[in-house]
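Please look through the structure below with the sequence at hand. The report that follows takes up helices, a surface patch and backbone angles in turn.

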Amino acid sequence: MLSILIPVYNYNVFPLVEQLHHQLIKNNIAFEIICMDDASTEHYTSNSNILNFNNCYYFSLKENIGRSKIRNQLANKASYPWLLFLDADVMPVSSDFIKNYVGFIEKSPKSNVVCGGISYSDSNPPKEKLLRWILGKKKEAVSLKVRSNNPYRYFFVSNCMIKKELFLKIKFDETIKSYGYEDILFAKNLKEQSVKINHIDNSVFHLGLDDNSTYIHKIEVSINTLKRLYKSGVFDKTDVVLLSKFHNLNVLKLTKLIGYVFSIFKKPILYNLQSRHPSVFLLNVYKLGYLCSLKD
């Protein structure tokens with residue numbers, strides 16, 4: 001019935017698999033759990049213990065292939081008609097996590113895509129991880145009502161279930177080899193094909209918070225990815241809020257000026273983003289300024 005697919009990179013995924021396996025056995029569900037390691041540079045010996053569980057598999061790639069291609073490969077290996085994609089650094093909030101997903105598709109058999117949502121701990125992390133936590137709490141851990149009213153905007157591949165037949169028709173864009181925006185593009189393709197995304201209250205905690213400097217670097221990489229996709233026509237100004245703002249500045253011929261101003265204020269902004277009180281507003285300013293500073 002259910003193939004759970006987990007890409008792994010430099011993370012101990014064993015506790016997640018253990019919890020999922022327990023829930024699957026408890027609810028007597030036909031399943032497989034497939035983990036695929038994308039050529040990690042850090043190795044966790046406990047990950048090999050996954051093979052001790054029935055119907056659980058762990059594969060290691062020799063070369064890093066990226067977030068899009070590895071999910072496509074996982075789907076190709078899957079045996080069951082429903083695929084549940086999870087990131088390695090999440091943990092179900094509910095002990096009925098699997099039961100909730102299965103219950104939904106049993107009641108709504110014509111559904112194709114179901115998203116459970118993302119949650120964050122209410123306990124403040126260390127200062128060096130505050131930025132990712134604050135952004136996640138504000139931008140990702142939104143209510144079911146908000147997600148349901150904006151179903152494509154709040155599609156997160158880190159916790160979603162999709163019919164295999166549909167997924168293999170769309171797939172993730174393997175030209176996106178760097179970090180960022182592969183799930184937004186996937187949601188855009190779903191929307192263009194009029195595929196409904198259902199949202200339910202079945203979230204996972206995002207546990208693997210990047211430290212501030214790593215997260216800022218990932219943001220910069222993702223914005224480079226975004227600009228490439230924009231320039232190639234894959235995204236237009238309506239697909240991403242940041243692109244809409246960038247387009248408006250471009251029409252006013254202000255992008256170079258904003259890029260120059262950004263270069264002056266970059267260090268003070270970074271100081272705030274790595275402080276005990278990082279500002280989401282300044283993070284948005286940083287993203288827009290960085291995008292404007294990129295050369296064509």
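## A partly exposed leucine and its patch

Leu257 has a relative accessible area of 48%, and is therefore partly exposed, since that class lies between the buried limit of under 20% and the exposed limit of over 50%. The model is a predicted one, and this leucine is found in helix H10.

Leu257 also helps to make a nonpolar patch on the surface, to which Tyr260, Val261, Ile264 and Phe265 contribute as well, and the area of this patch is about 500 Å².

## Helix H10: a kink and a short span

Helix H10 covers residues 255–273, and although it has 19 residues, its end C-alpha atoms are only 23 Å apart, whereas a straight helix at 1.5 Å a residue would reach 27 Å. The same helix carries a kink of about 55° at Phe265, which is placed shortly before the proline Pro268. Phe265 is also one of the residues that make the nonpolar surface patch.

Other residues of H10 are turned to the interior: Thr255, Gly259, Phe262, Ile269, Leu270, Asn272 and Leu273 are its buried residues. These pack against four helices, namely H4 (130–140), H8 (212–231), H9 (241–251) and H11 (280–293).

## Helix H11: a span that agrees

How far apart are the end C-alpha atoms of H11? They are 20 Å apart, and because the 14 residues of H11 should span 20 Å at 1.5 Å a residue, the distance agrees with the expected one.

The buried residues of H11 are Val280, Leu283, Tyr286, Leu288, Gly289, Tyr290, Leu291 and Cys292. Their cover includes H4, H8, H9 and H10, and the buried residues of H10 in turn pack against H11, among other helices.

## Positive phi in two loops

Asn10, found in the loop between strand E1 (2–8) and helix H1 (14–26), has a phi near 55°, which is a positive value in a residue other than glycine. With a relative accessible area of 17%, Asn10 is buried, because the limit for that class is under 20%.

Lys171 also has a positive phi without being a glycine, with a value near 60°, and this lysine lies in the loop between helix H6 (164–170) and helix H7 (182–192). Is Lys171 buried or partly exposed? At 28% relative accessibility Lys171 counts as partly exposed, because this value falls between the limits of 20% and 50%.

Methods. Residues are numbered from 1 along each chain as its sequence is written. This is a predicted model: local features need pLDDT of at least 70, side-chain atom pairs count only at pLDDT 80 or more; totals for chains, interfaces and linings use all residues. Side-chain values use heavy atoms; hydrogens and water are left out. The expected span of a helix is 1.5 Å times one less than its number of residues. The bend at a residue is the angle between axes fitted to the seven residues ending there and the seven starting there. Buried means under 20% relative accessible area, exposed over 50%, partly exposed in between (1.4 Å probe, protein chains only). Contact means heavy atoms within 4.5 Å. Patches are made of residues with over 30% relative accessible area and no salt bridge: like charges are joined within 9 Å, nonpolar side chains (Val, Leu, Ile, Met, Phe, Trp, Tyr) within 5 Å. Accessible areas come from the Shrake-Rupley method with a 1.4 Å probe; for residues, only the protein chains shown count as cover. A salt bridge is a side-chain nitrogen of Lys or Arg within 4 Å of a carboxyl oxygen of Asp or Glu.
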